[in-house]
Amino acid sequence: MEIVILRDTREVGRMAASVFARLVRSRPDAVLGLATGSSPQPVYEELARLVREEGLDFSRATGFALDEYVGLPPGHPESYREVIRRDFADPVGLDPARMHSPDGGAADLPAACAAYEDEIRAAGGIDLQILGIGTDGHIGFNEPGSSLASRTRIKTLTEQTRRDNARFFGSPAEVPHHVVTQGVGTIMEARHVVLVATGATKAEAVHGLVEGPVSAMCVASVLQFHPHATVITDNAAASSLKLADYYRHVYDNKPDWQEL
Ligand code: F6R
């Protein structure tokens with residue numbers, strides 16, 4: 001696992017975007033895994049800028065959303081299908097036919113989850129997955145106690161996550177209780193995982209992710225087993241890391257030929 005500690009949200013966004021840009025330049029038909037929430041916003045904004053100003057081309061790329069609320073009406077502005085369309089797919093010019101999302105409105109949710117796994121497999125798997133982290137250490141919506149081998153399925157949000165996400169809704173009561181999320185096992189199969197975390201509220205979760213024991217109590221800690229995981233944080237989110245100075249030293253002395 002590589003830890004990169006940067007000054008602020010803007011630097012984190014630019015660094016994570018550069019990983020996307022490098023991949024899509026070298027492999028225009030790359031398969032991208034896409035998170036929502038606040039953390040990836042600066043990444044998506046920077047990618048939209050690279051498309052506008054530097055001709056980065058996503059027209060042949062494929063996207064898979066990480067998760068979706070269950071039960072929001074189609075077209076609800078906070079459904080993750082809409083958020084990804086608005087914040088990423090439209091601004092970067094991703095072909096809507098190549099953008100996949102879990103179906104949180106399916107009558108048969110287990111069948112829809114299995115079908116989503118099939119779609120990911122049929123696309124050849126995810127090349128690059130961007131992740132945020134919840135204050136309780138979740139990735140996707142794999143809340144504490146999730147099976148570390150899980151596949152796409154329905155989950156119940158913790159009240160902490162519902163409170164954290166209430167800012168996107170009119171009132172806390174409007175945040176759905178249920179979600180469909182790629183499983184931990186699904187996420188672990190992405191060939192490269194880039195997790196971005198900013199702000200002091202994420203410091204404990206980042207500590208658990210990087211330095212804690214691998215445990216379903218902090219699901220993100222499973223990334224310690226991932227062969228290519230990059231964690232990009234700002235100083236505030238790194239403030240509980242015991243070895244922060246060592247991670248900075250490693251990055252500062254990284255050989256030029258070694259990419260993220
Ligand atoms: C969203 C997702 C979640 C968020 C996490 C952090 O698709 O998968 O794991 O990344 O809840 O959310 P923010 O970035 O809003 O703090």
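## Surroundings of the ligand

In this predicted model, 15 residues surround the ligand, and among them Thr 36, Ser 39, His 138, Gly 140 and Lys 202 come nearest; a residue counts as near if one of its heavy atoms lies within 4 Å. The shell comprises 4 nonpolar, 8 polar and 3 charged residues, with Gly counted as polar and Asp, Glu, Lys and Arg as charged.

The model requires pLDDT of at least 70 for local features and 80 or more for side-chain atom pairs, while totals for chains, interfaces and linings use all residues. Residues are numbered from 1 along each chain, and side-chain values use heavy atoms, without hydrogens and water.

## Polar contacts and burial

Oxygen atoms of the ligand take part in polar contacts (pairs of N or O atoms within 3.5 Å). A polar side-chain atom of Thr 36 is 2.7 Å from a ligand oxygen, and a side-chain N or O atom of Asp 67 also lies 2.7 Å from a ligand oxygen. Ser 38 contributes a backbone N or O atom at 2.8 Å from an oxygen of the ligand.

The protein buries 94% of the 410 Å² that the ligand exposes when taken alone (Shrake-Rupley method, 1.4 Å probe).

## Aromatic pairs

The structure contains 8 aromatic pairs, defined by ring centres within 6.5 Å. One of them joins Tyr 44 and Phe 88, 4.9 Å centre to centre with 50° between the planes, and is tilted (neither under 30 degrees, stacked, nor over 60, edge-to-face). Because Tyr 44 belongs to helix 2 (residues 41-54) and Phe 88 to helix 3 (residues 80-92), the pair ties together parts 44 residues apart in sequence; helices are DSSP runs (H or I) of at least four residues.

Technical notes: Polar contact = N/O pair within 3.5 Å; in protein donor to acceptor, adjacent residues only side chain to side chain. Phe/Tyr/Trp six-rings, centres within 6.5 Å; stacked < 30°, edge-to-face > 60°. Helix = DSSP H or I, 4+ residues; strand = E, 2+ residues; numbered from the N terminus.
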